[in-house]
Amino acid sequence: AIAKTISRKDFEYLYAFCYLFCFIYMGFFVALNGQSFYYDSRYGYIPSFGFINPNSFAQFVTVIYIFSARGFLLSIFLSFSLYLVFNDIIYARSFYFILILQPILFLIIGLFSKRIISLFPIFIFSISLASAMLVGTEYGLFLDKMFSGRGYYSSLLLNELNSIPTIFFGSTEKFDDLPVDVSFISALYDYGLFVVLIIVYLYVKGLNLIYEIKDNTLNVIIISFLSYCLVENAIVSYFLNFTLYYIM
């Protein structure tokens, strides 16, 4: 409905305003209540800015970056600035992965054909499944190590989809203590294969049409976000996933 009624420029202004409002709100929260911290066995106490887990704040900043970095030079500037600001605050490797990936995508996007770009969502979905289904193999162990154990947790969730109805339409049983950060695996468990295939189709079709209008910037933003969905659960979040507007 939003994609039908609000122009692209108005949507971007509104979305940016919402994020700016939240950022200011968090600043006031910390100023008035003091910083909140999360204890991590590897890094000690990490600032969490009012969130229970500091990764939530990392997600917030990462999505701002993906949304805002709309050119090679701007992405370089923002990547360098965010690294300097959050180097001792954000420890999520996915955050730094995107800071490196997005400028590179701006450099090489012109080298990719229409077919490669439009099939990228299928590639991300396939890698997500492989990281879970092949976790006991040498290749699966390599992916699991690369994804900081996400493949193992994803495999536990997929094992719960043990009937035709749950495979196609998802499971109603919740596992709040299971940290599944791979977007497509989480969506597969919650909503089933039918919904996931619709999402993949929408992104394939959307990237295909965006390529035809030669909007490389938008393709970079969507590809960067889909890459982020490999390591964070954001694909079905209407607040985090602003790319849903563009593909619609």
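How many salt bridges does a search of the whole structure find? In this predicted model, the search finds seven salt bridges, and three of the pairs are set out below together with the network that one of them belongs to.

**Salt bridges**

| Acidic residue | Basic residue | Closest N to O distance |
|---|---|---|
| Glu 12 | Arg 70 | 3.4 Å |
| Glu 212 | Lys 114 | 2.7 Å |
| Glu 232 | Arg 150 | 3.7 Å |

The salt bridge between Glu 12 and Arg 70 joins helix α2 (residues 8-33), which holds Glu 12, to the loop between α3 and α4 (72-86), which holds Arg 70, so the pair ties together parts that are 58 residues apart in sequence. Glu 12 counts as buried because its relative accessibility is 18%, whereas Arg 70, at 26%, counts as partly exposed. Both residues also belong to a network of salt bridges that links Arg 8, Glu 12, Arg 70 and Asp 215.

The salt bridge between Glu 212 and Lys 114 connects distant parts of the chain, with Glu 212 in helix α12 (residues 193-212) and Lys 114 in helix α6 (residues 114-118), 98 residues apart. Glu 212 is partly exposed at 46% relative accessibility, and Lys 114 is partly exposed at 30%.

Arg 150 and Glu 232 meet through their side chains, and this pair likewise links distant parts of the chain, since Arg 150 lies in helix α9 and Glu 232 in the loop between α13 (216-228) and α14 (243-247), 82 residues apart. Arg 150 is buried, with a relative accessible area of 14%, and Glu 232 is buried as well, with a relative accessible area of 5%.

**Helix α8**

In helix α8 (residues 138-146), the buried residues are Gly 140, Leu 143 and Asp 144; they cover an arc of only 100° around the axis, and therefore sit on the same side of α8. The face turned away from this buried side carries the exposed residues Glu 138, Phe 142, Lys 145 and Met 146. Among the elements that cover the buried residues of α8 are α7 (120-133) and α9 (150-158). Just after α8, Ser 148 takes a positive phi of about 55°.

**Asn 53**

Asn 53 is placed in the loop between β2 (44-47) and α3 (54-68), and counts as partly exposed because its relative accessibility is 29%. A polar atom of the Asn 53 side chain lies 2.8 Å from the backbone nitrogen of Asn 55. Leaving aside neighbours within four places in sequence, Asn 53 is in contact with Tyr 38 and Ser 48; Tyr 38 is 15 residues from Asn 53 in sequence, and their C-alpha atoms are 6.4 Å apart in space.

Key. Residues are numbered from 1 along each chain as its sequence is written. This is a predicted model: local features need pLDDT of at least 70, side-chain atom pairs count only at pLDDT 80 or more; totals for chains, interfaces and linings use all residues. Side-chain values use heavy atoms; hydrogens and water are left out. Helices (H or I, at least four residues) and strands (E, at least two) are DSSP runs, numbered from the N terminus. Buried means under 20% relative accessible area, exposed over 50%, partly exposed in between (1.4 Å probe, protein chains only). Contact means heavy atoms within 4.5 Å. A polar contact is a pair of N or O atoms within 3.5 Å; within protein, one must be able to donate a hydrogen and the other to accept it, and residues adjacent in sequence count only if both atoms are side-chain atoms. The arc is that of the directions from the helix axis to the C-beta atoms. A salt bridge is a side-chain nitrogen of Lys or Arg within 4 Å of a carboxyl oxygen of Asp or Glu.
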